[in-house]
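Student: I've got this one open in the viewer and want to get past just spinning it around. Let's go through it together.

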Amino acid sequence: MNISEELIREIITKVVESAASEKKASDCGFEKQVDPSGIIGIKTSTVKCERFEQDGVALKDVVTLEEAPRMGCGVMELDHTSFEWTLTYDEYDIVLEGTLEIEIDGRIISGNAGDIIYIPKGSHIHFQTKDKCRYVYTVYPANWAEQ
């Protein structure tokens with residue numbers, strides 16, 4: 001069997017790219033698998049959120065703009081708190097545990113574990129919870145801070 005130099009080079013390139021993706025995923029501080037195809041798997045139970053702007057609010061982005069340039073994603077925790085926010089992006093929130101309430105114009109939209117809440121761009125809301133809530137957020141566009 002004769003193996004060409006081109007085939008060897010291709011195999012080595014794929015191995016190096018795969019190793020780089022695995023190293024990058026392990027550097028994030030939670031379980032994340034980044035496949036060379038662009039598919040990303042994240043174990044949300046391993047994501048440790050970090051304090052965000054006030055006590056009782058913590059979050060962690062789980063994908064980078066390099067990995068997913070169009071859609072952002074992360075995990076957020078609210079613990080017996082409320083905070084005001086105006087969205088410059090579209091957002092889906094998928095509740096993992098607890099109860100998430102979104103207050104807008106005096107009305108409350110509420111979601112429990114397994115529920116999904118969509119919040120359109122431009123909405124001025126209060127995220128709130130009377131317990132400890134953990135949810136996944138997905139945003140479009142991913143570079144919402146630059147909007």
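Student: Is Asp-55 buried or exposed?

Tutor: Ground rules for this predicted model: local features need pLDDT of at least 70, side-chain atom pairs count only at pLDDT 80 or more, and totals for chains, interfaces and linings use all residues. Numbering runs from 1 along each chain as its sequence is written, and side-chain values use heavy atoms, leaving out hydrogens and water. Buried means under 20% relative accessible area and exposed over 50%, with partly exposed in between (1.4 Å probe, protein chains only). With a relative accessibility of 59%, Asp-55 counts as exposed.

Student: Which residue forms a salt bridge with Asp-55?

Tutor: You need a side-chain nitrogen of Lys or Arg within 4 Å of a carboxyl oxygen of Asp or Glu. The closest N and O atoms here are 3.0 Å apart. The partner is itself exposed, at 55% relative accessible area. It's Arg-51.

Student: How many salt bridges does the structure hold?

Tutor: Opposite charges can pair when the charged atoms come close. Besides the Asp-55 pair, Lys-60 and Glu-50 meet in one. The total comes to six.

Student: How many residues apart in sequence are the parts that Lys-60 and Glu-50 tie together?

Tutor: Their side chains meet at 3.2 Å, N to O. Lys-60 sits in strand β4 (residues 54–61) and Glu-50 in strand β3 (residues 50–52), where strands are DSSP runs of E, at least two residues, numbered from the N terminus. Lys-60 counts as buried at 19%, while Glu-50 is partly exposed at 46%. The pair therefore ties together parts whose sequence separation, in residues, is 10.

Student: What about Glu-101 and Lys-130: what is the N to O distance in their salt bridge?

Tutor: Glu-101 counts as buried at 12% relative accessibility, whereas Lys-130 is exposed at 69%. Their side chains meet, N to O, at 4.0 Å.

Student: How much accessible area do Tyr-92, Ile-116 and Tyr-118 have together?

Tutor: Tyr-92 is found in β7 and is partly exposed at 42%. A patch takes residues with over 30% relative accessible area and no salt bridge, joining like charges within 9 Å and nonpolar side chains (Val, Leu, Ile, Met, Phe, Trp, Tyr) within 5 Å. Areas come from Shrake-Rupley with a 1.4 Å probe, and for residues only the protein chains shown count as cover. This nonpolar surface trio totals about 330 Å².

Student: Which residue in β10 is the bridge partner of Ile-94?

Tutor: Strands pair if DSSP finds at least two bridges between them. β7 and β10 (residues 116–119) clear that with four antiparallel bridges. Opposite Ile-94 in β10 is Ile-116.

Student: And which residue in β12 is the bridge partner of Asp-93?

Tutor: β7 (residues 90–97) also pairs with β12 (residues 132–140), antiparallel over seven bridges. Across from Asp-93 you'll find Tyr-137.

Student: Which strand gives the largest share of the largest nonpolar core?

Tutor: A core joins buried Ala, Val, Leu, Ile, Met, Phe, Trp, Tyr and Cys residues through side-chain atoms within 4.5 Å. This one has 20 residues, and Met-76, Leu-100, Phe-127 and Tyr-135 touch the most other members. Several strands each supply at least two residues, including β4, β8 and β11. The largest share, four residues, comes from β12.
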